[in-house]
Each structure stands twice: as C-alpha cells, then as structure tokens.
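Please work through the following exercises on a protein structure. Each task is followed by a solution that proceeds step by step.

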Amino acid sequence: MALMGQMMSAPLLISSIIKHAARYYGSTEIVSRRTEGDLHRYTYRDCELRARKLAQALGALGVQQGERVGTLAWNGYRHLEIYYGVSGMGAVCHTVNPRLFPEQIAYIVNHAEDGYVFFDLTFLPLVEGVAPHCPNVRGWVAMTDRAHMPAESKVPLLCYEELLDAQDGNYEWPQFDENLASSLCYTSGTTGNPKGALYSHRSTVLHSYASAMPDALGCSASDVILPVVPMFHVNAWGLPYSVPLVGAKLVLPGPKLDGASLYELFEQEKVTFSAGVPTVWLGLLQHVQANQLKFSTFRRTVIGGSAAPPAMIRALEALDVEVIHAWGMTEMSPLGTASKLLAKHHDLPDAERHKIQEKQGRVIYGVDMKIVDGEGKELPWDGKAFGDLLVRGPWIIDRYFRNDVSPLVDGWFPTGDVATIDADGFMQITDRSKDVIKSGGEWISSIDIENVAAAHPAVHMAACISAYHPKWDERPLLVVVKKPGAEVSREELLQFFEGKVAKWWIPDDVAFVTEIPLTATGKMQKLRLREQFKDYKLPTA
Ligand code: ADP
C-alpha cells in the first residue's frame with residue numbers, strides 16, 4: 001500500500017515570498033529611481049503593507065481571481081507592489097513591454113483581456129493612443145500621487161496613490177491552489193503575433209528558488225541587487241521574486257538606463273550584483289572606460305537574452321566584474337542554463353577557462369535539455385555536434401495562453417535555438433535557427449562571427465546576417481557600427497578574422513551603418529536588418 005508523506009501541505013504562492021521578506025528582512029531597503037525624478041527608499045515591510053492595500057483596492061475595483069491586470073512600467077517600487085498585490089490576491093499580473101509598437105500593445109492587452117492597466121507617467125502618450133483600441137479595459141491607473149497626476153488626459157485616469165490611500169491594509173493573503181495562474185508575459189513576436197506565456201504560482205516560486213542557487217544567479221542576503229533587465233521583460237528574469245526570497249537589498253533603476261545614470265546608482269547604493277542584456281553593458285562599459293572609472297562594490301553580473309560577446313566578458317573581468325553568461329526564454333520563466341565553472345576548471349589556463357565561461361552553461365535543477373538532428377534523434381554531448389535544442393521542466397511552457405495547439409514535441413518544448421552540449425553538460429548556442437547562415441548547405445554561426453567582430457577595438461556593435469549569393473545561396477554579411485571617433489576599413493576588419501574562424505566563415509563584405517535596430521528587449525533586430533539588406537549585392541556574387 002502506498003504510504004503518503006506526513007509533512008504539512010503549504011501551497012507555493014507568490015504572496016509567501018513578500019510575506020517572508022517583510023517578516024525576516026523587514027528593514028532591508030528597496031531603492032527606486034522614480035519617473036518623478038527623485039530616489040525613493042523604503043523597506044520590504046513597507047512594500048508588503050502597500051501590496052496588501054493594493055490587493056484590497058483591486059477587490060474594491062471588482063477585479064476577480066484569474067482576471068488579468070496589465071502594466072506598462074519601468075523597474076520601480078510601485079511596479080513591485082503590483083507584482084505582489086495582483087498575483088497575491090489571485091489575479092494575473094500581465095507585464096506589457098512598452099517598447100513594442102502601439103498596435104502590438106493593443107493586440108496584447110485585448111488578447112489578454114486586461115481589466116485594468118497600470119502605467120508609469122512616461123507612458124501617458126502611449127496610453128492615450130492605445131486606449132481607444134482597448135474597449136474592454138475598465139480603467140487606466142497612473143502610477144503616481146495626486147500632485148503628479150497629469151493636468152489633462154484624453155483618457156479618464158485613476159490615481160495609484162489614491163487607490164492605496166483608501167485602504168487600511170487589514171488584509172490576509174488568500175490561500176489557493178498553487179497551480180493557479182499568477183502572471184503573463186508575451187513573447188516579442190518577431191515572427192507573427194505575440195504569444196502569451198502564462199506562469200503559475202508554483203512555476204514562479206520553483207523558478208525563484210532554483211534561480212537563486214549559487215550555480216545560477218547566486219543571490220544572497222548579503223548582496224545589493226540591481227536588475228537592469230526590465231520588469232516588463234520576462235519578469236526581469238525572476239529577480240523581483242528571487243531577491244525578496246533571499247532578503248537582498250533591491251535597487252530599481254526606473255527609466256534611466258544610460259551608462260552614466262547606472263554607474264551613479266551602482267556606486268551610490270553599493271550594488272554588488274546586476275543582470276541585463278549585452279546592449280545595456282555596452283553603454284555602461286563605454287561610460288566607465290571613457291572616464292577611467294572603477295566599480296567599488298559591483299562584482300558579478302548575469303548577461304543573457306542574447307550571446308555575451310567574449311570581448312565584453314573580458315572587459316568586465318578587467319574591471320573585477322565576473323560575468324555569468326546565462327540563457328533562457330520567455331517560455332522558460334526564463335532561466336534555463338548558467339555558465340559557472342566546475343571545481344576541475346579552476347586550474348585551467350585562462351584561455352581554456354574563458355572558453356567555458358563563454359558557453360551558455362549548465363542547466364539548473366528543474367530543467368532538462370537535449371539536442372536533436374533533423375529527424376529528432378538525440379545528438380551526442382561532445383561539444384561539436386549541433387542541433388535543435390529542446391527543453392522540459394516545471395517552469396517551462398506547456399501551451400500558449402488562449403491557444404489550443406500544443407507547441408510540444410513528444411513532451412519537449414522546441415526552443416528555436418541551435419546548440420552544442422559538451423561532455424560536462426555545458427550548452428553553447430550556435431545560433432537562433434532563423435539567424436543561422438546556410439552557405440552551400442553548411443551552417444555558419446552568426447554569433448561566432450559577431451563575437452570576433454566585437455573584439456575589434458574600433459567596433460561598437462556588430463551583427464552578422466545572411467546575404468544572397470548566386471552560388472552559395474547565403475553568405476555572411478557583417479553590419480557594423482563603429483565606436484565614436486574610431487576608424488577601421490572593410491579590409492582591415494575582414495583581415496581581423498584570419499586565423500580566428502574557418503576561412504569560409506569569413507564574411508564576404510562589411511556594411512558600415514550608424515545604427516543597428518534593437519528589439520523591444522534590446523536585442524539586435526536581425527529580421528529588420530535582413531529586410532534592410534535584402535537587395536544587397538555582395539562583391540563576391
Ligand atoms: P524574444 O527575444 O523573442 O523576446 P526571449 O526574450 O524569450 O524572446 O528570448 C529568448 C531567446 O533569446 C532564446 O531562444 C535565444 O535565442 C536568445 N538568447 C537568450 N539568452 C541567450 C544567450 N545567452 N546567448 C544566445 N542567445 C540567447
């Protein structure tokens with residue numbers, strides 16, 4: 001006969017995280033740069049009280065459990081209160097990326113059927129444009145106080161602080177099934193319409209536990225953590241949950257993400273740990289290098305979202321900042337792998353150790369992965385064979401929101417990435433399957449080419465895309481933004497590749513541009529670049 005365990009059964013609820021932080025790290029600070037311009041500070045105890053008031057206010061507005069509540073907001077304390085207040089009362093916190101086109105935002109708000117949308121004042125013009133196309137939204141809430149409410153608005157607005165002021169905070173977080181939906185994020189929809197990943201309380205809490213572990217993000221109560229990655233981009237990689245879970249001080253940078261503003265905040269608040277996409281670190285590095293600055297406390301950062309160029313990893317290392325290269329996606333909550341060394345790696349020569357750090361890394365417990373060939377047959381873990389990367393686990397999507405077609409293949413989620421896995425289980429992304437360059441039937445990794453280019457001292461940003469070639473079908477074209485004041489010729493740049501990649505991988509041409517378009521999440525928008533260069537005539541063609 002089956003013998004059941006005899007431990008308490010407590011559902012894994014998001015409210016338990018903020019309750020824990022308020023009770024055990026009550027006086028630990030949350031510091032936010034506000035859209036109003038100033039710095040705001042308070043504690044986890046204050047945050048939890050205000051999240052409870054928000055939960056009461058949502059009840060008063062008639063928000064039901066399971067109903068979606070949208071946000072268009074920067075990283076700030078009010079956004080954090082919404083994360084906890086909305087999910088905590090049983091509704092679904094739907095973070096919308098304000099950098100998307102207004103039509104996409106309207107599509108997402110309507111598809112999610114958001115009952116209310118909370119927004120930072122920066123986004124008032126956006127709200128005024130989108131609101132007429134979102135007839136089912138019952139109210140737009142400006143995340144500010146009465147004094148800062150816009151004098152005029154084309155849309156009737158509610159005031160966040162007034163909603164909270166009307167409540168006493170006398171509220172118990174409800175207990176319910178941990179499998180209920182907690183939050184919703186849409187993929188950026190680089191192909192087709194955006195698709196929603198609907199997280200549960202259980203998946204979120206498990207992901208927070210796992211991502212806080214030392215071989216993942218490694219968060220601790222002795223850290224001061226500043227997520228540069230936006231709270232509207234896959235829940236800022238889960239940091240708004242994992243930071244309170246460990247009781248670390250949290251610093252939220254608001255709308256100011258330029259190098260100088262970030263540096264000032266890092267120094268002033270004694271930030272030890274951060275996380276963001278590569279393009280953010282470009283700005284910060286440029287500022288620090290140009291002004292010959294040093295970081296006093298900043299020691300570790302997670303870089304993910306797109307491949308961290310080795311030159312960037314080295315540049316941060318030279319400033320005593322360890323880079324943890326990580327990989328994941330919206331459909332994975334998002335964390336899948338992180339590249340932390342094994343004990344046996346510490347004695348390796350620098351060059352070999354670097355090669356390992358440059359990989360996207362090992363899975364964290366909870367994630368299972370495999371690579372397969374075109375027929376779906378599993379490929380060996382030899383660090384050479386590459387194929388489609390598939391994943392499964394309790395914080396990985398089963399199906400998209402309001403879409404009945406399962407994306408899974410035999411219970412595995414196909415990531416759309418192409419990767420290798422080595423004998424120690426370190427995964428390395430070769431490319432996104434749609435970005436890979438197919439030259440005469442052989443594959444060239446656009447990431448490898450970009451990594452070489454990024455190491456050239458005159459290169460600020462480089463994207464490698466395929467250009468049409470009559471004989472090879474596709475050949476690599478390197479699109480480059482030079483550093484301000486730097487000079488480099490096409491020939492010099494191409495020569496720089498000699499001996500660094502196979503001869504036939506060297507791009508056929510270089511196009512210098514003043515800007516590379518970025519996606520709403522700060523990644524190089526290769527789809528747009530491919531369109532821009534679709535009639536490009538290679539000199540080799
Ligand atoms: P989108 O970019 O479509 O908004 P996500 O933010 O979920 O979606 O991005 C997930 C994708 O980003 C991954 O499938 C992968 O292609 C890419 N990616 C994420 N991290 C890395 C990394 N460290 N190296 C290379 N590619 C990465």
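The exercises below concern this predicted model and go from the overall fold to single residues.

**Exercise 1. Overall dimensions**

Task: Determine whether the radius of gyration of the protein agrees with that of a compact globule.

Solution:
- Step 1. The chain length sets the expectation: for 541 residues, a compact globule would have a radius of gyration near 24 Å.
- Step 2. The radius of gyration of the protein is 24 Å, and therefore the value agrees with the expectation.
- Step 3. As a further description of extent, the C-alpha atoms fill a box of roughly 70 × 70 × 50 Å along the principal axes.

**Exercise 2. Composition of the fold**

Task: Describe the secondary structure, the burial and the contacts of the protein as a whole.

Solution:
- Step 1. The secondary structure comprises 16 helices and 25 strands.
- Step 2. Of the 541 residues, 59% are buried.
- Step 3. Consider the contacts with a separation of 6 or more: residues 24 or more positions apart account for 66% of them.
- Step 4. The protein exposes about 22900 Å², and carbon and sulfur atoms supply 52% of this area.
- Step 5. There are 52 positive and 63 negative side chains, and the centres of these two sets lie 1 Å apart.

**Exercise 3. Cysteines and disulfides**

Task: Establish how many disulfides the structure holds, and explain why C134 does not form one with C93.

Solution:
- Step 1. Recall that a disulfide is a covalent bond between the sulfur atoms of two cysteines.
- Step 2. The structure holds zero disulfides.
- Step 3. C185 is in no disulfide; the nearest cysteine sulfur, that of C93, is 8.1 Å away. The cut-off for a disulfide is a sulfur pair within 2.5 Å.
- Step 4. For C134, the closest cysteine sulfur is also that of C93, but it is 17 Å away, which is too far for a bond.
- Step 5. As to their surroundings, C134 is buried with a relative accessible area of 2%, and C185 is buried with a relative accessible area of 2%.

**Exercise 4. Helix α9 and the residues beside it**

Task: State which residues of helix α9 are buried, and describe the backbone at G247 and at W237.

Solution:
- Step 1. Helix α9 spans residues 239-246, and eight of its eight residues are buried.
- Step 2. The buried residues are L239, P240, Y241, S242, V243, P244, L245 and V246.
- Step 3. Just after α9, G247 takes a positive phi of about 80°.
- Step 4. W237 lies in helix α8, residues 234-237. Its phi is near 55°, a positive value in a residue other than glycine.
- Step 5. W237 is buried, with a relative accessible area of 9%.

**Exercise 5. Surroundings of three residues**

Task: For V63, R353 and T521, give the position in the fold and the contacts beyond the neighbours within four places in sequence.

Solution:
- Step 1. V63 lies in the loop between α2 (44-60) and β3 (68-72), and it is buried with a relative accessible area of 6%.
- Step 2. The contacts of V63 beyond those neighbours are with L58, V69, M89, A91, Y116 and R138.
- Step 3. R353 belongs to helix α13, residues 350-357. R353 counts as buried, since its relative accessible area is 16% and the cut-off is under 20%.
- Step 4. Beyond those neighbours, R353 is in contact with L341, H345 and L348. The C-alpha atoms of R353 and L341 are separated by 8.1 Å, and the two residues are twelve apart along the chain.
- Step 5. T521 is found in the loop between β25 (509-512) and α16 (526-532), and it is buried with a relative accessible area of 11%.
- Step 6. Beyond those neighbours, T521 is in contact with N97, H233 and V277.

**Exercise 6. Backbone details in two loops**

Task: Identify which peptide bond joining S333 and P334 is present, cis or trans, and whether R402 is buried, partly exposed or exposed.

Solution:
- Step 1. The bond between S333 and P334 is cis, with omega of about 10°.
- Step 2. P334 lies in the loop between β14 (322-328) and β15 (335-338).
- Step 3. R402 is found in the loop between β18 (387-392) and β19 (413-421). Although R402 is not a glycine, its phi is positive, about 55°.
- Step 4. With a relative accessible area of 47%, R402 is partly exposed.

Methods: Residues numbered from 1 in each chain as written. Heavy atoms only, no water. Helix = DSSP H or I, 4+ residues; strand = E, 2+ residues; numbered from the N terminus. Rg over C-alpha atoms; globule rule 2.2 N^0.38 Å. Buried < 20%, exposed > 50% of the residue type's maximum accessible area, 1.4 Å probe, protein only. Contact = heavy atoms within 4.5 Å. Areas by Shrake-Rupley, 256 points an atom, 1.4 Å probe, with all protein chains shown as cover. Lys, Arg positive; Asp, Glu negative; His and termini not counted. Charge placed at Lys NZ, Arg CZ, Asp CG, Glu CD.
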